[in-house]
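Student: Could we take a close look at the charged pairs in this one? I'd like to go through them slowly.

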Amino acid sequence: MADSIPLNPVRKSSRRTANYSSARLSRFSLEDEPSNLDEMPLMMSEEGFENDESDYQTLPRARRGQRRLGLGWFLLGGWEVLCTSCCHCLAHVCRRKKEMKARTVWLGRPEKCEEKFPKNGIKNQKYNVLTFVPGVLYQQFKFFLNLYFLVVSCSQFIPALKIGYLYTYWAPLGFVLAVTMVREAVDEVRRHQRDKEMNSQLYSKLTVRGKVQVKSSDIQVGDLIIVEKNQRIPADMIFLRTSEKTGACFIRTEQLDGETDWKLKVAVSCTQCLAAVGDLFSISAFVYAQKPQLDIHSFEGNFTREDVEPQIHESLSIDNTLWASAVVASGTVIGVVIYTGKETRSVLNTSHAKNKVGLLDLELNRLTKALFLAQLVLSVVMVALQGFVGPWFRNLFRFVVLFSYIIPISLRVNLDMGKSAYGWMITRDENIPGTVVRTSTIPEELGRLVYLLTDKTGTLTQNEMVFKRLHLGTVAYGNDTMDEIQSHIVQSYAQGPTQPSGGGTGNAAVARSNPPQGPKVRKSVSSRIHEAVKAVALCHNVTPVYESHAAAGETESAEADQDFSDDNRTYQASSPDEVALVRWTESVGLTLVNRDLTSLQLRTPSGQILSFLILQVFPFTSESKRMGIIVRDEATGEITFYMKGADVAMATIVQYNDWLEEECGNMAREGLRTLVVAKKCLSEEQYQDFESRYSQAKLSLLDRTLKVAAVVESLEREMELLCLTGVEDQLQADVRPTLELLRNAGIKIWMLTGDKMETATCIAKSSHLVSRTQDVHVFKPVCSRGEAHLELNAFRRKHDCALVVSGDSLEVCLRYYEHEFVELACQCPAVVCCRCSPTQKAQIVRLLQQHTANRTCAIGDGGNDVSMIQAADCGIGIEGKEGKQASLAADFSVSQFRHIGRLLMVHGRNSYKRSAALGQFVMHRGMIISTMQAVFSSVFFFASVPLYQGFLIVGYAPHCDQIPRSNRTSRTGPTEPVKPTHPNYPG
């Protein structure tokens, strides 16, 4: 990073440094880090060491702004800050939040709940019936421009200050307010209709009398709700029962955390074992749930059944929960509602909508203040030339009113009408079909963006994994050579049922006593392909599912009617990468046909079924970056340990090779997600020894996780490297040229995702968010202030590199070095933040707004992106596979990511240029009228009488300048995206 941002120690002799250090120490007095860190703050400029103001230069702008208090600060906007703070405090007192508590929820008996819980409705509206009028009026009159018009209009009720007819002042002001209220009302009605559509979705509710249909908004705590496959979960629930035999199901959580991996959820065993669904009402049971929290990855509770002796108690964890906004991916589930409405995890992680004001409106507001000072000076000059005779104070106010045309009230009318026209043009553009303008007050913001923060899953990518490459070390296979792999597999299994496995039962007996120590003879290509494909087909957590053609219900006839053909089979997994791998093995001839908790079956090209017992499964974790499985071939008795994972984790596990690192780099540069596959043959004695140690480690009460990991690592030694796979997450159409266009326009792009770091980095490279020749600095995991200090110093020394940081490390850096981290990150050409929660995404947006004072835009397609979209100056939602929540909460809605280029570069640019030209025209017209008024008053001995009568001015403003105003509003700009040098200065 640039050397102009050194992180060096400050001279101890500086008194200011001591004060700053003590302030920083008091801010973080809870930390136990060494005090010498306070003597080495992260400085932001080398020039600071040469003068006494060094520490003042390092303070964040927000802290320095606190010193700028006084009369000037009050007149130039301080009054607005004070009024806003008072209103917010009053609103907080009036609607004091109810304290959330833990609760006891009885199954199917909501009437037994002692407390009142919030309604289960989605609400994206800004106002209600009571707050609409005062809310809109406050939003209008908090700006100096409108407040000035109000004061001038009210002054006409005073006879001594009255210049003309009341309608000449109140008619334009009333028209402005009416137009604003109508526009806001239309937006509110549209939001209400969208919310009503979501809240009116029907769900099946279990009652004593059977199933009844209820709206999503009518669901209460304690209700038993049935959710079908591919249906959205309406509220936070405890998973009681499923139609799946295993007592588990998969859910998709893209709307909640942005992750594409399916999550496996387990039903409560006590309710899953009941004979029929109706038995849920014949038992007396309740759920104790902790109070609602933000964390979507943890839950603590208990399930208790009271009508049996002894009572049944089950502990509940995150595996037993079904959070709202998730989607059921397999089977039919039944759950009891524990949290509704604003107490659900998804709503708690969503920020409230705010009234967004465009930068152009803020600039016009500041310009209005300057014009008012000029108007006041001109009025004082006129009174001074008059000699301050008579009631000069009254004359001064009359001149202020006479020269009020310098700030024409028609400016707001024209701009509001122009914004409505810009929104109409956007929705009518045939090149970006499906685009919807949901907030019609900020179209100019699209042309003034500096930071673009985008989600990954569903926004940049299609969330569809495709197998692209298999590398065996000496030979590689791509899409055009997959038929060769298929022919090798057909040939291998055509030789006999036991030949491919390595020699039948005789070899199995040898394997039990003396496991092979490695091949002494170089294997043929056919044998290596067979072993690689077999390993990929076995090492996974994929489950094949066959859809039932019978009516929904837990009946044996439905099971009998299942179609086990290939066309009716779908795959479920916790990762789309694994599904892509299993589909690839199916395409080359080795098909996964069945799997349960203890076994799986493969079908060969000749139709033979290979059965394997699952002895152990080691799931993938972000710490280990690998997963493994131990299986026993039922035909031969061989025990094999298969493992696959990231190259950084597998490089030290597999046997020595000279090609893995190079090929992993080559695939990564092509944007492929790589997995290293290896195996190890085990004897019966080896496995029994491992199983005993593994079981003891799992029963340990102290450091269980570490002991289990140590036992597994004892098995992960000198594994045979089989192959390297490459899977591509397909990008959205025209993502690369769109990102290039935005970068050429001077827009900095940040990718915020809840996905894993490896996946996020891979997509950043494949989408060309990070160029191939650009270095990538991966911010190491930090847990303390000292580690963050050292890592920031290491990051500063990097030049022109992209930054990849995890959510946990980001939280630590922002806690201690917020300003310094943001300053360094803003100089990167691209930033990738992975494992980000919805609240962290919104926090990053607010940090950029606070520290850079530039306009930000957030783009997403899932419910986990709503907070980020609402916090940004301009929010864009994409209607995709993850639903409509982001689209409904956004200011603009598009159907594809590639439409953003035209939306920003054409419509945003044109809207900004047209509004700027229109504002200049209206103000220029007002200054001409005021100049004529000043000449008229000077000729007639500085008399404070109007030159134009009321009818003339009222008629001229809206009608006589209609043609030039319309010309500036509808002036045709470029019809194709342009590439300006900077978005703030469109060419």
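Tutor: Let's go through the salt bridges one pair at a time, then turn to the cysteines.

This is a predicted model, where local features need pLDDT of at least 70 and side-chain atom pairs count only at pLDDT 80 or more, while totals for chains, interfaces and linings use all residues. Residues are numbered from 1 along each chain as its sequence is written, and side-chain values use heavy atoms, leaving out hydrogens and water.

Side chains of opposite charge can pair when their charged atoms come close. The rule here is that a side-chain nitrogen of Lys or Arg lies within 4 Å of a carboxyl oxygen of Asp or Glu. The structure holds 22 salt bridges.

Start with glutamate 188 and arginine 191, whose closest N and O atoms are 2.6 Å apart. Both sit in helix α7, 3 residues apart, which is about one turn of the helix. (Helices are DSSP runs of H or I with at least four residues, strands are runs of E with at least two, and both are numbered from the N terminus.) Glutamate 188 is buried at 6% relative accessibility, and arginine 191 is buried with a relative accessible area of 6%. Buried means under 20% relative accessible area, exposed means over 50%, and partly exposed is in between, using a 1.4 Å probe and protein chains only.

Now try arginine 448 and glutamate 363, which meet in a salt bridge at 2.9 Å, N to O. This pair links distant parts of the chain, 85 residues apart: arginine 448 is in the loop between β14 (436–437) and β15 (451–454), and glutamate 363 is in helix α11 (residues 359–386). Arginine 448 is buried at 5%, whereas glutamate 363 is partly exposed at 27%.

Glutamate 586 and arginine 569 also form a salt bridge, with their closest N and O atoms 2.9 Å apart. They too link distant parts of the chain, with glutamate 586 in helix α18 (residues 576–587) and arginine 569 in strand β19 (residues 569–572), 17 residues apart. Glutamate 586 is partly exposed at 25%, but arginine 569 is buried at 8%.

Salt bridges can join up, too: Glu445, Arg855 and Asp873 are linked in a network of them.

And the cysteines? A disulfide needs a pair of cysteine sulfur atoms within 2.5 Å, and the count by this rule is 0. Cysteine 833 has its closest cysteine sulfur 4.8 Å away, in cysteine 836, so that is too far for a bond.
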